[in-house]
Amino acid sequence: MTAVGILSMGACVPKDEIRNEDIADRFGVTPDWFVQRTGVRTRRYAAPDEAVSDLSIRAAEQALERAGVSPDRVTHLIVATSTPDAPLPPTSCLVQEAIGARNTAAFDLNASCNGFLHGVALARNLVRGNPDELVLVIGADVYSRFLDPKHRGTIALFGDGAGAALIGAVPDGLGLQDIELRSHGEAASILGIDAGGSRLPATPATLIGRKHFVRMDGKAVAQFVLGEVPGLVARLLDRAGVDPATIDHFVPHQANGVVIEELVRRVGFTGRTHLTLDRYGNLGSGSMPVTLEDAWRRGAFAVGDLVLLAGFGSGMNLGAGLLRWSAPPIGVAETSDPKESR
């Protein structure tokens, strides 16, 4: 079958930076309290006139520009998000129009914080069937719109951002080696937003009841992730015949620094773990592609390096991916930060 991998990447975060110092007094704690429990020092919030599509457009344009690919060549455009601009139309169609991808089939995908990996899995199958396909997978969320200002746990963690990956045919031996995806609906109740859908549409009662904010049982989420993700990764590596000691890089979902540290230990990984959590917080579907782009832009990946991905999110949706890095060095001097939305 056609080898499929990442050809280029782009990223975008909002300009407005929210530091721990800006929120600590609200909860009667020190700025270091957030660092010790989450690893987050700052996060970015979208401006009032910015939405997921705005961040996605900038990330998509950057990925295409770096690859030297015209938007007309993109055959599929997938926006993985759980915070779309609106229920209708799909945010992906707004992105398609804005970047001029006129020959594209565009659709949204919601697998919560693991959406990017689900999108990559779909892209892999599309390109395998036709090596001329070029799929733009964007992971993006604007969780700041859904955070309860009185809830310390979610305010500490979440931020806004978008990352984009252009996926297509690559030389044999490179690219995506395997992907493992699993869902655990039995644990769906531990993380979610209760109102705003067809079950509980917006009413004065749902607003008063604070039902439109992220609801998270942080302890239950951590226990679930640490109990399930190591086994998922082990199945993937066993099927691929890969020893954890031979993996060069680990890029996990940027959920919580304490959880990630323990996850690394349980997986038995000894290579380099890449984090952007301290600067941007948990970006939902955007966290993995933003972190991948950050490592690539900084020159951490060489073509052929073995990279392990691991994601998890509400649902509960889990995923792990193994790839041999295929995107060439950017080749131009850039700043150490991704594109800003304004």
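**Exercise 1. Determine whether W296 is buried or exposed, and describe its ring partner.**

*Solution.* W296 has a relative accessibility of 5%, so W296 counts as buried. Here buried means under 20% relative accessible area, exposed over 50%, and partly exposed in between, with a 1.4 Å probe and protein chains only. The model is predicted: local features need pLDDT of at least 70, side-chain atom pairs count only at pLDDT 80 or more, and totals for chains, interfaces and linings use all residues. Residues are numbered from 1 along each chain as its sequence is written, and side-chain values use heavy atoms, with hydrogens and water left out.

Step 1. The structure holds five aromatic pairs. Rings of Phe, Tyr and Trp (its six-membered ring) pair if their centres lie within 6.5 Å; planes under 30 degrees apart count as stacked, over 60 as edge-to-face and the rest as tilted.

Step 2. The ring centres of W296 and W325 are 6.4 Å apart and the planes stand at 50°, so this pair is tilted.

Step 3. W296 belongs to helix α11 (residues 287–297), while W325 sits in the loop between β14 (317–324) and β15 (339–340); the pair therefore ties together parts 29 residues apart in sequence. Helices (H or I, at least four residues) and strands (E, at least two) are DSSP runs, numbered from the N terminus.

Step 4. W325 is also buried, at 0% relative accessibility.

**Exercise 2. Identify which residues form one aromatic cluster with W325.**

*Solution.* Step 1. F301 and W325 make a tilted pair, with 4.5 Å from centre to centre and 50° between the planes.

Step 2. This pair links distant parts of the chain, 24 residues apart: F301 is in the loop between α11 and β13 (306–313), and W325 is in the loop between β14 and β15.

Step 3. F301 is buried, with a relative accessible area of 6%.

Step 4. The cluster is formed by W296, F301 and W325.

**Exercise 3. Explain where the buried residues of helix α1 lie around its axis.**

*Solution.* Step 1. In α1 (residues 20–27), the buried residues are N20, I23, A24 and F27.

Step 2. These residues cover an arc of only 120° around the axis, which puts them on the same side of α1. The arc is that of the directions from the helix axis to the C-beta atoms.

Step 3. An α-helix has 3.6 residues a turn, so residues three or four places apart point the same way.

Step 4. The cover over these buried residues includes β2 (16–19), α2 (31–38), β3 (42–45) and α6 (152–157).

Step 5. Just after α1, G28 adopts a positive phi of about 65°.

**Exercise 4. State which residues A195 contacts, leaving aside its neighbours within four places in sequence.**

*Solution.* Step 1. A195 is placed in the loop between β9 (191–192) and α7 (204–208).

Step 2. A195 counts as buried, at 8% relative accessibility.

Step 3. With those neighbours left aside, A195 is in contact (heavy atoms within 4.5 Å) with L200, T206, K211 and H212.

Step 4. A distance of 9.7 Å separates the C-alpha atoms of A195 and G209, which are 14 residues apart along the chain.
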